Amino acid sequence: MSQIFTKILLKALHTKLFHIVFSVILLTIGTTSVFSQEIKFTDSIKLNSSDLIKVKDSTVQDSSKKKKPFLDGIVNMKAKDYEKMDQKKKQLTLYNEASIKYTDFDIKAGKIVYDFEKKQVYAGRLKDSAGNYIQRPVFTQGANIIEPDSIVYNNVSGKALIWNSRTKQGEMFIKAEISKRENDSVVFLKNARLTTSKNIDDPEYYFLVRKVKFVPKKKVVAGLTNLVIADVPTPLGLPFAYFPMTEESVSGFIMPTPGQNNRQGYFLQNGGYYFALSDYYDLAILGDYYTNGSYGLRAESSYAKRYKFGGRLNFRFENNIQSEKGFPDYVKSKQYNIQWSHSQDAKAAANSRFSASVNLGSSQYFRQSINMNNVGASLNNNLSSSVSYSKTFQTVPQVNMSLSATHSQNTNSQQIDMTLPTFQASVDRIFPFAPKDGVKKGIIKNINFQYNIRGENRIKTTDSLFFKPQMFRDAKTGFQHSIPISTNFKIFKYFSVTMGAAYNEVWAFNTIEKYFSTSENKVITEEQKGFETFRTYNFSTGIGTTIYGTFNFGEDKKIQAIRHVMRPNVSYGYTPSFEQYYDTYAIDATGLTTAEYTKFESGLFGAPGNNYSNNLGFSLSNTFEAKVKDAESKKGESKKVMLLNNLNLSTNYNLAADSLAWSPIRISGGTELFKQKMNVNFATTLDPYAIDNSGRRIEKFNIDNGGSLFRMTSANMTINYAFSSTDTEKKTNQQNQQNGGTGDDLFGTSTDLSDSRQSLFKKDDEDSEKETSTEWYATKLPWDLRLAYSVTYNNSNRQNEISSNSLMASGNIELAPRWKVGFSSGYDFKQKGVTFTQLRFERDLESWRMSFNWVPFGTNTYWGFFIGISSSVLSDIKYDKRQLPDRVF
């Protein structure tokens, strides 16, 4: 008996699964009875307690080279039901939830049979009580995972024969009838299906390939290939094909979209090349070309570094030509746009931060561009930018510093306002009379002061002079220093009093001089360069309190109580006259009539006042909330409902004024209704004085002039209502914002139909992982709707008119589980016309996407149709047709 065990043991020493045989030996002699072992072998074999075999070195030092161990690592095996050793066939069988793991490969299956003489592993499925196959084998080696029906694997040569293998490489799913694995880097497939559908066994489409050479993570070289849709072979195919397989970004061409435009001819749009430069940044060069000579160029780059920063940079240029030379409607224009967004991770630096949001360029770029990516921003009247860097110095007291550059551009007037740059610094509050430890209580201990400095280099220019020498010559520069001193305390327990004074010093580098020119017979205003300064100071104080009022109606009422909170405040401010900074100039040739002016009146930070101010201000803020029964509460509990978030009233009285002492009363308020889905904001201005025929205020109350107590000079109201069939909040449209538009879709979307990664109705991240039901809805149709209403009333000069009155709407509805329809439109009641209107349709074909985008009328009339594979790997397999707008500049 011992001879048999010795032969088996010696035989097993030549295999890589010696631990399996040794475990069976231990099972036979009864030293172990477990189904799972973990044994690690080194050059010398040690057996605890049994001492069946002892190996002893014959020499003290072994100068010979040690042999490589026959096992390179730990071998794990297990089975749920049993492990069976057939000594005749030299086979080990693992049954039910069996697994073998050794070095970098792992096999799990319903049944595993290992032939340690042939050094082969067979893995297959089991049948359940209903006769269905279960526990499909899963073969894992490194990052490669194969799920076949059965597999035969030689653990020495690494070769394998696989039936109905299933594997995923990037976004591509591969299923083959027979797979032959030559080594770790080459696999040959027969009758393989390549698809991006998640349902690999029954895909909506696939590429049927007769013979394939598959190199994991690198490439797929295929023979005769044709496209199969819904199990119906199509004539679309290739005699051979090459599919790159990689988990990393790769460079490649971006196929353009063809089309035709009545005024610019045939075109190719959004074609170019993508450069996968590194793991941290990329670059895409895109272009448009039109047969009449128009063209467009774009460079888009995204960059990111984990826990550091991320951003996106876009540069766009278009040379637009309309009509033909010699025709009266011939127009040629060059437009450009630069966009840059940069954000810093909060973990990158604790005391400093850099951010950027840039959108600048030609005022007419979005209006004249005919690229569909820019549709969402074609109605935008403003472009703005901001680049800022801030740093905090952890000193005592703390110092904050920031450096920023801003840009604001009106696309209607083409006026541009910029600050290049703005410097700000401030020293944290200092309490000179407060103890280091303890409460700051009382008028003396609460005395504090700060130091602030602000410097600006402000530029006002136009689109035509942007970044030309004259733009910088007209720049204005200045600094403002301020030291505010304040304190606060309470009187009579319920009244809070604040007192303060402020010292300001302004350094100006741009001043003016006025004089009458006898040669030109007019007043001349000359700009002066040089350093000038002025100093001002003021004093202010205020007293306020909070008043609570509750109106109880009873616990049995639907509205149980209403709570009213009032915060009245009375303030006083005093600013002396700074007449020393004023001078006079003659306004006619006689020199007898003069007028006052100050050289600082065109300065960045205002001019010193030549009249002292003695103002008494009044303000009152109110909030209203109700306590109502909660109809959804099973215990009959109550809940709070906000009736008015704010209702504010403010005015002031000038004690030093001889006339027109009262300023107009400003009333504003806002609330949220329908579970905070509707936002209502309103404001109005009431003037107690009357006006003359020229529209100037006169020293006479409006009621004494035959009018009402107050004269409403202006009023406005906005209502925004966003609601849907679910309570989920709709996310902002990132694509719109990247292209210079707004975050909502009230003015349409700017989705590029030719980009298969973009969807008109993008799903939330959570929903994208869920399976979409193919059944028709029985009672509910998912939908969302956004409404925006705005009205403005103007009566500053008795015109008594509604200056603007419009309603905007956008919505989406899911007619069927994979059919979605959306729209954006509105109506201008003032101009009596329909505003920008866009209709959107989309059909989700799981692995494919079909979209239709249509603007039926207006200056931006166009339509676009797209159908293609959703995966970016096969994004060039598409059909895209569009009709661009025919604009006259």
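## Exercises on strands and a surface patch

Isoleucine 802 lies in strand 47, which covers residues 801–816, and the model in which this residue is examined is a predicted one.

**Exercise 1.** Determine whether isoleucine 802 is buried, partly exposed or exposed, and find which residues it touches.

*Solution.* Begin with the relative accessibility, which is 36% for isoleucine 802. Partly exposed covers the range between under 20%, which is buried, and over 50%, which is exposed, so isoleucine 802 counts as partly exposed. Next, leaving aside residues up to four places away in sequence, isoleucine 802 touches Val791, Thr792, Tyr793 and Lys830. Finally, the C-alpha atoms of isoleucine 802 and serine 714 are separated by 9.6 Å, although these residues are 88 residues apart along the chain.

**Exercise 2.** Trace how strand 45 (residues 711–724) is joined to strand 42 and to strand 46.

*Solution.* Take strand 42 (residues 678–687) to start with, which runs antiparallel to strand 45 and is joined to it by ten bridges; here threonine 685 stands opposite serine 714 of strand 45. Then turn to strand 46 (residues 783–794), which pairs with strand 45 over eleven bridges, again in the antiparallel sense, and in which valine 791 is the bridge partner of methionine 717.

**Exercise 3.** Identify the residues that make the nonpolar surface patch of about 510 Å², and the strands that each supply at least two of them.

*Solution.* The patch is made by Phe449, Tyr451, Ile483, Ile485, Tyr503 and Tyr537. Strand 31 (448–462) and strand 32 (476–491) each supply at least two of its residues. Tyrosine 451 has its place in strand 31, and with 32% relative accessibility it counts as partly exposed.

Technical notes: Residues are numbered from 1 along each chain as its sequence is written. This is a predicted model: local features need pLDDT of at least 70, side-chain atom pairs count only at pLDDT 80 or more; totals for chains, interfaces and linings use all residues. Side-chain values use heavy atoms; hydrogens and water are left out. Patches are made of residues with over 30% relative accessible area and no salt bridge: like charges are joined within 9 Å, nonpolar side chains (Val, Leu, Ile, Met, Phe, Trp, Tyr) within 5 Å. Accessible areas come from the Shrake-Rupley method with a 1.4 Å probe; for residues, only the protein chains shown count as cover. A salt bridge is a side-chain nitrogen of Lys or Arg within 4 Å of a carboxyl oxygen of Asp or Glu. Helices (H or I, at least four residues) and strands (E, at least two) are DSSP runs, numbered from the N terminus. Buried means under 20% relative accessible area, exposed over 50%, partly exposed in between (1.4 Å probe, protein chains only). Two strands pair if DSSP finds at least two bridges between them. Contact means heavy atoms within 4.5 Å.
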